[in-house]
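Me: Hey, I'm new to this one. Can we go through it together, pockets and cysteines?
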Amino acid sequence: MKAPFVDLKAQHLPIQDELNQAIQNVMNRCDFALGEDVVRFEEEFAAYCGARYAVGVDSGLSALELSLRAFGIGPGDEVIVPANTFIATAAAVTFTGAEPVLVEVDPTSYNIDVAHIETAITPRTRAIIPVHLFGLPAEMDTIMKIARVHDLIVIEDACQAHGALYKGRRVGSLGHAAAFSFYPTKNLGGCGDGGMLVTDDAQVAEQIRAMRNCGQREKYRHELTPFNHRLDTLQAAILRVKLRYLDGWNEARRQGAAWYKELLANSGVVTPVEDDNSVHVYHVYVVRTHHRDALQAYLRDQGIGTAIHYPIPIHLQPYYAENNFDRGLFPMTEELCDEILSLPMFPTITHEQVQYVAEHVNKFAVGVPEMESAV
Ligand SMILES: Cc1ncc(COP(=O)(O)O)c(C=O)c1O
């Protein structure tokens with residue numbers, strides 16, 4: 001593979017001694033469940049986000065579900081989520097017994113289209129989950145304004161956006177709570193699964209702390225639903241080391257994105273937008289073309305790894321088949337699912353690798369009249 005889609009080995013290599021030491025420290029203490037590193041990591045990650053509290057859990061999905069539950073959201077309630085997102089955003093709502101209400105996305109940012117939110121609000125609406133998709137913050141000022149007017153909770157889905165800034169503030173500090181995923185390929189990723197809920201609300205943090213640990217505040221007295229969604233101490237130890245490198249890694253991703261932007265300027269593919277309000281952290285680098293499938297196959301033949309985030313929209317997923325949603329319900333989202341392609345993007349990506357990818361995207365365009373005209 002000349003340009004892999006991601007390269008975790010290259011990312012770990014320079015910090016391997018630190019990671020080994022962190023793992024060894026946990027092995028020495030044997031505090032594997034909710035140990036010292038979980039407590040320290042929660043403090044450090046809350047401070048990093050500019051929030052008061054952080055509660056470590058076992059995944060981004062759990063962080064979303066438990067935060068909805070902590071705000072008392074459940075059967076009979078509706079929660080607004082963008083139509084173009086990973087299944088977990090909507091599934092977390094479904095798991096609580098509430099109903100996810102999908103809202104179309106913006107054609108340039110691919111984030112929730114704030115112009116469509118108010119028409120989706122009903123007397124049953126309790127919350128909005130904006131997703132900072134691909135690493136670009138959603139339009140939070142407008143979303144918070146709508147939430148204030150309609151008395152709604154806002155839970156940021158920041159699973160793809162660790163460290164991204166909106167008007168100078170880090171995501172995670174913008175809504176009433178925020179969910180992060182530490183899936184290995186995320187901007188801050190563990191060596192296994194993990195997640196975090198971040199909030200300024202002491203009561204919400206306390207509830208989630210109890211819920212993640214068998215619903216207990218006192219040992220063996222189970223007051224809340226006895227979930228087990230604890231963050232593993234070994235993952236917390238690894239994530240503490242990696243958190244120290246996150247800003248540098250995000251900067252490197254941004255450099256990679258700048259190289260792509262320049263080299264793909266005349267390729268005929270649509271490249272990601274950045275706006276003045278936000279610092280994008282390029283969890284993935286997504287381009288768009290009517291010829292997505294052919295481009296992906298062509299790049300694969302050149303040894304270039306790509307992915308699609310995501311090929312099937314939520315409303316057409318088999319999991320939601322019983323809702324009988326029709327194709328055509330969210331045209332923008334459906335178009336994106338057919339046209340977007342994520343190119344190689346990771347902190348150690350080199351100029352040569354980006355050049356190699358761009359060269360082949362440009363070569364592909366030459367054979368396609370519609371793209372060629374843009375070259
Ligand atoms: C937007 C979004 N939300 C939620 C999740 C769920 O995170 P996890 O895989 O840790 O459960 C992800 C992870 O891929 C995600 O990308």
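Reply: Sure. In the second largest pocket, the lining residues split into 11 nonpolar, two polar and two charged. Keep in mind that this is a predicted model.

Me: How many residues line the second largest pocket, and which lie nearest its centre?
Reply: There are 15 in the lining, and Glu99, Pro100, Tyr320, Asn323 and Phe325 sit nearest the centre.

Me: Which element gives the most to that lining?
Reply: That's β3, with four residues. Both α5 and β3 (99-103) supply at least two each.

Me: What volume does the second largest pocket have?
Reply: About 280 Å³. The largest pocket holds about 430 Å³ of space. Its lining has 25 residues, and Phe86, Ser181, Tyr183, Lys186 and Tyr310 are the closest to its centre.

Me: And which elements give two or more residues to the lining of the largest pocket?
Reply: α4 (60-70) and α5 (87-96). α4 gives the most there, with three residues.

Me: What's the lining of the largest pocket like by class?
Reply: It has 12 nonpolar, 10 polar and three charged residues.

Me: OK, switching to cysteines. How many disulfides are there?
Reply: The count is zero. Cys191, for one, is in no disulfide, and the nearest cysteine sulfur, that of Cys159, is 18 Å away.

Me: Why isn't Cys337 bonded to Cys159?
Reply: Because the sulfur of Cys337 is 18 Å from its closest cysteine sulfur, in Cys159, which is too far for a bond. A disulfide needs the two sulfurs within 2.5 Å.

Me: Are those two cysteines, Cys191 and Cys337, buried or exposed?
Reply: Cys337 is buried, at 1% relative accessible area, while Cys191 is partly exposed, at 44%.

Note on methods:
Residues are numbered from 1 along each chain as its sequence is written. This is a predicted model: local features need pLDDT of at least 70, side-chain atom pairs count only at pLDDT 80 or more; totals for chains, interfaces and linings use all residues. Side-chain values use heavy atoms; hydrogens and water are left out. Buried means under 20% relative accessible area, exposed over 50%, partly exposed in between (1.4 Å probe, protein chains only). On a 1 Å grid over the protein atoms alone, a cavity is a set of points where a 1.4 Å probe fits but cannot get out, and a pocket is an open set with protein on both sides within 12 Å along at least five of seven lines; lining residues have an atom within 4 Å of a point. Grid points are joined across faces, edges and corners, and a volume is the space filled by probe spheres set on the points. Ala, Val, Leu, Ile, Met, Phe, Trp, Tyr, Cys and Pro count as nonpolar, Asp, Glu, Lys and Arg as charged, and the others, Gly among them, as polar.
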